[in-house]
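Work through the exercises below with the sequence and the 3D structure at hand. Each task is followed by a worked solution.

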Amino acid sequence: MSSITENVRLARARIDAAARESGRDPREIRLLAATKTNPPEAIREAVAAGVDLCGENRVQEFLAKNAVNAYAGCGVHFIGHLQKNKVKYLVGAVELIHSVDSAALMEAIHRRAAALGVVQDVLLEVNVGGEASKSGVAPEELPALLEAAAAYPCVRVRGLMTIPPAESFPGEAAGYFRQMHELFVDIRRKKYDNVLLTDLSMGMSSDYEDAVRCGATIVRLGTALFGPRNYDIQEAPGDGTLR
Ligand SMILES: *Cc1c(COP(=O)(O)O)cnc(C)c1O
């Protein structure tokens, strides 16, 4: 068995165990392979091994890999920072955009979706750690953004996503995950138009079991499945040595 296949099985087993431990049904949690910098062969292997979803960070990379059917048989999500001028490449092409953090971006997605006659599912990215360097809305700005969604019927808000600060001590992320779950539950109780909260996207290779215990429905794993990333290759995609 190749290491990617083995890694997918191990991650899935850990997700399932963390779910049961916390009284959750393991089927509520989807394993998303964060595929950035990884070549189509690696992605196909992860899909064959049973990941539920693939997630790409960069529009160019998504388009290049999609053109060679790298994600065949698997839903694709966009998980990276998104600029308004790139929205046209994603709407209708990916199932879910995880990274909406402004009304302006929501409007751009709505316009494109309306032109295509589709409804685009999105998550709102929350900057739960309040880091200046990170994208995402501050938790206190979230209600206003949820209210803004009512004006964009071709966008449907399906939940929240977060990337907490890098841990400075073990278990630090869990505090942020609990905070996100509280926000999620709180918002779900209220009624917003075009908002149908089903998904909470949080947890990466170093902290996904904590995220599952705290209510994540999508965990996003890169290095735990594919090993360390080689960014040099991403910067020079034309040299024929993808990987
Ligand atoms: C790269 C990436 C991940 C996966 O990170 P790992 O630590 O390698 O698991 C998850 N989410 C987002 C948004 C990413 O960019």
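**Exercise 1: the ligand and its surroundings**

An oxygen atom of the ligand lies 2.4 Å from an N or O atom in the side chain of S205. The model is a predicted one.

Task: Find which other side chains place a polar atom by a ligand oxygen, and state how much of the ligand the protein covers.

Solution.
1. Take N57: one of its polar side-chain atoms is 2.6 Å from an oxygen atom of the ligand.
2. Take R229: an N or O atom of its side chain is 2.7 Å from a ligand oxygen.
3. Apply the cut-off for a polar contact, a pair of N or O atoms within 3.5 Å. The distances for S205, N57 and R229 meet this cut-off.
4. Turn to the area: on its own the ligand has 390 Å² of accessible area, and the protein covers 90% of it.

**Exercise 2: the shell and the pocket**

Task: Sort the shell around the ligand by residue class and say which pocket holds the ligand.

Solution.
1. List the surrounding residues, among them A34, K36, I79, I163, M204, R220 and T223.
2. Sort the shell: five residues are nonpolar, four polar and three charged.
3. Place the ligand: the second largest pocket holds it.

**Exercise 3: a salt bridge**

Task: Where do the salt-bridge partners R12 and D16 lie, and how far apart are their closest N and O atoms?

Solution.
1. Side chains of opposite charge can pair when their charged atoms come close.
2. The closest N and O atoms of R12 and D16 are 2.9 Å apart, within the 4 Å cut-off for a salt bridge.
3. Both residues belong to helix α1 (residues 3-21), four residues apart, or about one turn of the helix.
4. The structure holds 15 salt bridges.

Methods
Residues numbered from 1 in each chain as written. Predicted model: local features only at pLDDT ≥ 70, side-chain atom pairs only at ≥ 80, totals over all residues. Heavy atoms only, no water. Near = heavy atom within 4 Å. Polar contact = N/O pair within 3.5 Å; in protein donor to acceptor, adjacent residues only side chain to side chain. Areas by Shrake-Rupley, 256 points an atom, 1.4 Å probe, with all protein chains shown as cover. 1 Å grid on protein atoms, 1.4 Å probe; cavity = no way out; pocket = protein on both sides within 12 Å on 5 of 7 lines; lining within 4 Å. Sits in = over half its atoms within 2 Å of the grid points. Nonpolar A, V, L, I, M, F, W, Y, C, P; charged D, E, K, R; others polar. Salt bridge = Lys/Arg side-chain N within 4 Å of Asp/Glu carboxyl O. Helix = DSSP H or I, 4+ residues; strand = E, 2+ residues; numbered from the N terminus.
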